[in-house]
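Got your viewer ready? Load the model and follow along, one selection at a time.

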Amino acid sequence: MPTTPSPLLEATALAKNYGAVAALRNASLSLLPGEVHALMGANGAGKSTLVKILTGAIHPTSGTIRIRGQERRVRSPADARRAGLVSVYQEPSLIPDLDISSNLRLTRTPVEPFRHWVRKLGVPDLDMGEQARNLPLAVQRVLDLARALAIEPDVVLLDEMTAALPANLAERVLEIVRRQTETGRSVIFISHRFLEISALCDRATILRDGETVGVVDI
């Protein structure tokens, strides 16, 4: 009888309060190696808050995070990167007044792997000296993803990655995301597009009002 692999990433009973407002109440998630895992729920359910906690952008009020079975306090996005977790958020994270090369230096992103992924994602003629603010939103999203993939993280967290992309770029992104799992890497995928989720994901965790209310196979 096959054994279930140990979770690569496990979050248990995470909560986040802002004064009297609970952005997250009791969220849990278990991510297996080589899995694309959807995070689903209505707007305001707590999906983005959970992702930001997992990647150190905000700190939880309570709860635990385990990476490869070891409890970790992820104190910053840089700390998350060192632990193998990288997120591509809804809003582009490139600093608009810097050129692409300078943005890469800030995050210590290796240039040649970045260029490789940029080409794979459908942007063949990127000018590394171009200011980020001059690039279309769709290209900025692709560059954020290329920057994440360039450091070969164990877990990529994608928050509405395809929402601002034209169909041809969205298809490339989905194809490359699925290929990440062939090397044992895992992906947490947030999308309101059910066709993408059904085509790409293995399981889904559902949030409602800041709580995990179910985990289902796709």
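Is aspartate 97 buried, exposed or partly exposed? Select aspartate 97: this residue counts as partly exposed, at 48% relative accessibility. Keep in mind on this tour that the model is predicted.

Now add arginine 133, whose side chain meets that of aspartate 97 in a salt bridge (2.5 Å, N to O). The pair links distant parts of the chain, 36 residues apart: aspartate 97 sits in the loop between strand 6 and helix 3, and arginine 133 in the loop between helix 4 and helix 5. Arginine 133 is partly exposed too, with 47% relative accessibility.

Next, pick arginine 68 and aspartate 154. The closest N and O atoms of this salt bridge are 1.9 Å apart. Here, the loop between strand 4 and strand 5 is linked to the loop between helix 5 and strand 7, with 86 residues separating the partners.

Move on to helix 2 (residues 77-82), where aspartate 79 and arginine 82 lie three residues apart, about one turn of the helix. Their side chains form a salt bridge at 4.0 Å, N to O. Aspartate 79 is buried, because its relative accessibility of 13% is under 20%; arginine 82, at 65%, counts as exposed. Add Arg72 to see a network of salt bridges linking Arg72, Asp79 and Arg82.

Finish with strand 1 (residues 9-18). Strand 1 pairs in the antiparallel sense with strand 2 over seven bridges, and glutamate 10 has serine 30 as its bridge partner. Between the two strands of this hairpin are two residues, and glycine 19 in the turn has a positive phi of about 65°. Strand 1 also pairs with strand 4, antiparallel over five bridges; there, select threonine 12 and threonine 64, which stand opposite each other.

Definitions and conventions: Residues are numbered from 1 along each chain as its sequence is written. This is a predicted model: local features need pLDDT of at least 70, side-chain atom pairs count only at pLDDT 80 or more; totals for chains, interfaces and linings use all residues. Side-chain values use heavy atoms; hydrogens and water are left out. Two strands pair if DSSP finds at least two bridges between them. Helices (H or I, at least four residues) and strands (E, at least two) are DSSP runs, numbered from the N terminus. Buried means under 20% relative accessible area, exposed over 50%, partly exposed in between (1.4 Å probe, protein chains only).
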